[in-house]
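Here are my notes on the model you sent over. Have a look at it first, then read on.

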Amino acid sequence: MSINISKQKREDLLAKIKEIRKFISSAPQDENTGNLLSYLSDLEKDVNGKKYGLVFEEHREEIDEVLDTHTPVLTEEKDLFIDNGGQMNFLIEGDNLASLKLLEKTNKGKIDLIYIDPPYNTGASNWIYDNDYVDGNDLFKHSKWLSMMKSRLTIASRLLTEKGVLICAIDENESATLCLLLDEIFGADYEYDCITIIHNPRGIQGKNFSYTNEFAYFVIPKGDKIIGERRLSDDEVYWSPLRNWGSESLRTDARNCFYPIFVKDDKIISFGDVCPNDYHPQKNETMDDGTIAIYPIDAKGVERKWRYARQSIEGILDFLAVKKTKGIYDIEIGKTFGTYKTVWSDPKYDANGYGKQLLNSLLPNCTFDFPKSLWNVYDCLFSVIANNRHATILDFFAGSGTTGHAVMKLNAEDGGNRKFILCTNNENNICRDVTYERIKRVIDKENYAASLKYYKVDYVPINERLYYEYADELLKHVRELVELENGINFIGNAEIGIVLTEEELADFVKNLNNAPTCHKLYMGHDLLPDEEQQVAISEKDIEICIIPDYYYKDLQER
């Protein structure tokens, strides 16, 4: 029988605390005895505290100090707007904790997929954006990293839809702690799968081993089949005859498995009707227009059968191919999609060839270290949202912008309308010179139908000020929040409008005749059009969308 030794120790300690409390309570009461009793209560709470899970020393960052006295807002860099049709995407420059707090106002419960590649905390003494977090000699190296990640992942968990998935890349330095942290934040309603990805087949020399892989943690709602099928490489596909390779089959056994498959120019063009019982072809038939009717007969003219009945064959057309051997045609079946494995070893995941070299081809003078392979990120995204062509994808450790690049590539391939939101700081001008520039050049080079708005995080001081004292300052930044929440653009857009003050409403109505294409008006929640204004807007058949008051509700209630 197993005995819980730790529980026994806790109970012994609690018994001792009880005796001390009894003794203090029987003594003459004054301020000191009151304090001692309070201290004992605190000790009891600690003893009865967390018994299993991740334990670390929580730390504050500089951004925590800023957010104590300021509220973050967004300001658009209008000169950096990219207008190339397609979905409206967003790039936010600033500390990602502040960005996440803003996204919680606009996109809570609306993100389908979060992909992040956070600092790996490898322990160098200097900050390199995508790899290191604190000095390797810091006694609280792991605690500081975990504190940083916990504050961000906690908000991220609230941004996901009910079926939303989070993918977090990491290496061996924080893999174990990350797994425990994810379990603590997301809880029992999610399952956690760790994928090994060979991203450096040459190996990075460590003290004892050369590291060739990193990891990707998939956090998936429990019980949901969300991960789709992956495309198999040509050498992974097993092709076999669609024709039954066993003994002959009687029509009475499987009559619906005897029918012609029509081929032209080495491609399947249609399927014929089930053969009559008295029709037994002994060879394939060529028609006047070059179409070939292929039957389930072998090279000796012996009748077999197709492995799929006529009523189901069209459902597997994508898995069929025409095979021609010495002038003889046959049909083969090979499933080109398969289950994702827990080890990914495709050469295209190589971070050097498909990460660093690809980035350098777009930005020749770029000094960004360790960009992800485009295919590494692409396949992570594809596994989750291949069948969701309207998904919203967030990356709040955007780095060089690989996630945005992968989303646009996927949209171009299947006609999807997915959008991305990227967040990154601007250390060493990474956001402006690398992330933004990469997205811009990829759109230009590939002519992707995609647009981008560039926001910067600013701060409005709120400490020792009442809400009404800075409310007008916040009003100046509501437009960006409405754009971010709805995936739209107001600047130079004649189809939609926004009014936040009575003066703006009056000007809008006054100039209605100059806006014949406007069909939607976003209006501040505290505005009330008069009867004349309501009639004027209604006559133009303009839909009114009330801007929610939850953007700054928390500040109003302070």
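How much area does the protein expose, and what share of it do carbon and sulfur atoms supply?

1. About 29,700 Å² is exposed, and 48% of that comes from carbon and sulfur atoms. Accessible areas here are from the Shrake-Rupley method with a 1.4 Å probe, and for residues only the protein chains shown count as cover.

2. Some ground rules before you go further. This is a predicted model, in which local features need pLDDT of at least 70 and side-chain atom pairs count only at pLDDT 80 or more, while totals for chains, interfaces and linings use all residues. Residues are numbered from 1 along each chain as its sequence is written, and side-chain values use heavy atoms, with hydrogens and water left out.

3. On to the overall build. The protein has 16 helices and 24 strands, taken as DSSP runs numbered from the N terminus (helices: H or I, at least four residues; strands: E, at least two). Its radius of gyration is 32 Å, well over the 24 Å that the globule rule gives for 558 residues, so the protein is more spread out than a compact globule. That radius is taken over C-alpha atoms, and the rule is 2.2 Å times the number of residues to the power 0.38. The C-alpha trace spans about 110 × 85 × 50 Å along its principal axes.

4. Of the 558 residues, 48% are buried (buried is under 20% relative accessible area, exposed over 50%, partly exposed in between, with a 1.4 Å probe and protein chains only). Among contacts (heavy atoms within 4.5 Å) with a separation of 6 or more, 72% join residues 24 or more positions apart.

5. Don't go hunting for disulfides (pairs of cysteine sulfur atoms within 2.5 Å): the structure holds zero. For Cys257, the closest cysteine sulfur is in Cys275, 11 Å away, which is too far for a bond. Cys423 is in no disulfide either, as the nearest cysteine sulfur, in Cys431, is 9.0 Å away. Cys257 is buried, at 10% relative accessible area, and Cys423 is buried too, at 0%.

6. Lys78 deserves a look. You'll find Lys78 in the loop between β1 (70–76) and β2 (87–93), partly exposed at 49% relative accessibility. Leaving aside residues up to four places away in sequence, Lys78 touches Arg479 and Ile491. Glu332, by contrast, is 254 residues from Lys78 in sequence and 56 Å from it in space, C-alpha to C-alpha.
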